[in-house]
Amino acid sequence: MGGDDDRLRVPGALPAPFTTIAWRLGHVIVGVLGARNGVHFGHEQVTYDSFEYAPTATQALAQLEREYRRWTDGVAAMSEDEFWAPCGPGKGGWADHPMAELVLHINREVIHHLSEVCLLRDLHLHTIRQDAS
């Protein structure tokens, strides 16, 4: 399976364009959690093009918290049979995979991208401290 962010890459760009904290948050909120919450747990359908992105960091964090809570609540409410059943038709490359496998993938994506956000915040903080010295 390709990564969820493959469509956002610039063909032939080497190295790939640097992605910002805002891009990474948007990717997690919309592409990783929001789209899955719509498909699997009955919330509104969102796409990268239809989503209303937050204009501030505080609002983006509120969106992230909402989508993460929807995801974790949805997963927690699944029966064991639902957890091990295939994701089903219309779920793209995940159709034949058990929901348990998708849950692991989504959780890994959240950890991966939000770890990058933490690293970028740390680098920014330490860059400012060094510049001020």
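These exercises work through the helices of a predicted model.

**Exercise 1. The overall fold**

Find how many helices and strands the protein chain has, and give the pattern along the sequence.

Solution.
- Step 1. Take the secondary structure of the protein chain: four helices and zero strands.
- Step 2. Read along the sequence. The pattern is α-α-α-α.
- Step 3. Turn to burial. Of the 133 residues in the protein chain, 32% are buried.
- Step 4. Take the contacts between residues at least 6 apart in sequence. Of these, 56% join residues at least 24 apart.

**Exercise 2. Helix 1 on its own**

Describe helix 1 (residues 21-41): where is its kink centred, how many of its residues are buried, and what is the phi of the residue that follows?

Solution.
- Step 1. Locate the kink. Gly34 is its centre, and the bend is about 35°.
- Step 2. Count the buried residues. Helix 1 has 15 of them among its 21 residues, and is mostly covered.
- Step 3. Look past the end of the helix. Gly42 follows helix 1 and has a positive phi, near 75°.

**Exercise 3. Helix 1 against helix 2**

Describe how helix 1 and helix 2 pack, and state the handedness of the crossing.

Solution.
- Step 1. Choose the descriptors. A packed pair of helices is described by the angle and the distance between the axes.
- Step 2. Apply them. Helix 1 (residues 21-41) and helix 2 (residues 57-77) make an angle of about 35°, and their axes lie 9 Å apart.
- Step 3. Assign the hand. This crossing of helix 1 and helix 2 is left-handed.
- Step 4. List the contacting residues. Helix 1 contributes Leu25, Val28, Ile29, Leu33, Gly34, Arg36, Asn37 and Phe41. Their partners in helix 2 are Ala60, Gln63, Leu64, Glu67, Tyr68, Arg70, Trp71, Gly74 and Val75.
- Step 5. Sort the contact of helix 1 with helix 2 by class. There are 10 nonpolar, four polar and three charged residues.

**Exercise 4. Two residues of the contact**

Determine whether Glu67 is buried or exposed, and find the contacts of Glu67 and Phe41.

Solution.
- Step 1. Place Glu67. This residue is found in helix 2.
- Step 2. Apply the cut-off for buried, under 20% relative accessible area. Glu67 has 2%, so Glu67 is buried.
- Step 3. Check the side chain. Glu67 makes a polar contact with the side chain of Arg70, at 3.2 Å.
- Step 4. Set aside neighbours within four places in sequence. Glu67 then contacts Ile29, Leu33, Gly34, Asn37 and Glu44.
- Step 5. Move to Phe41, in helix 1. With neighbours within four places again left out, Phe41 contacts Arg36, Arg70, Trp71, Gly74, Val75, Met78 and Met99.
- Step 6. Take one partner of Phe41. Gly74 is 33 residues away in sequence, with a C-alpha to C-alpha distance of 5.9 Å.

**Exercise 5. Two residues of helix 4**

Classify Leu119 and Arg121 by exposure, and give the C-alpha separation of each from Ile21.

Solution.
- Step 1. Place the residues. Leu119 lies in helix 4 (residues 99-132), and Arg121 is also in helix 4.
- Step 2. Apply the cut-offs: exposed is over 50%, and partly exposed runs from there down to the buried limit of 20%.
- Step 3. Classify Leu119. Its relative accessible area is 49%, so Leu119 is partly exposed.
- Step 4. Classify Arg121. Its relative accessible area is 57%, so Arg121 is exposed.
- Step 5. Read the separations from Ile21. Leu119 is 98 residues away in sequence and 9.7 Å away in space. Arg121 is 100 residues away along the chain, and 8.1 Å separates the C-alpha atoms.

Notes: Residues are numbered from 1 along each chain as its sequence is written. This is a predicted model: local features need pLDDT of at least 70, side-chain atom pairs count only at pLDDT 80 or more; totals for chains, interfaces and linings use all residues. Side-chain values use heavy atoms; hydrogens and water are left out. Axes are lines fitted to C-alpha atoms, for helices over the stretch in contact, and angles run from 0 to 180 degrees between N-to-C directions. Helices (H or I, at least four residues) and strands (E, at least two) are DSSP runs, numbered from the N terminus. A crossing is left-handed if the near helix is turned anticlockwise from the far one by less than a right angle, and right-handed if clockwise. Contact means heavy atoms within 4.5 Å. Ala, Val, Leu, Ile, Met, Phe, Trp, Tyr, Cys and Pro count as nonpolar, Asp, Glu, Lys and Arg as charged, and the others, Gly among them, as polar. The bend at a residue is the angle between axes fitted to the seven residues ending there and the seven starting there. Buried means under 20% relative accessible area, exposed over 50%, partly exposed in between (1.4 Å probe, protein chains only). A polar contact is a pair of N or O atoms within 3.5 Å; within protein, one must be able to donate a hydrogen and the other to accept it, and residues adjacent in sequence count only if both atoms are side-chain atoms.
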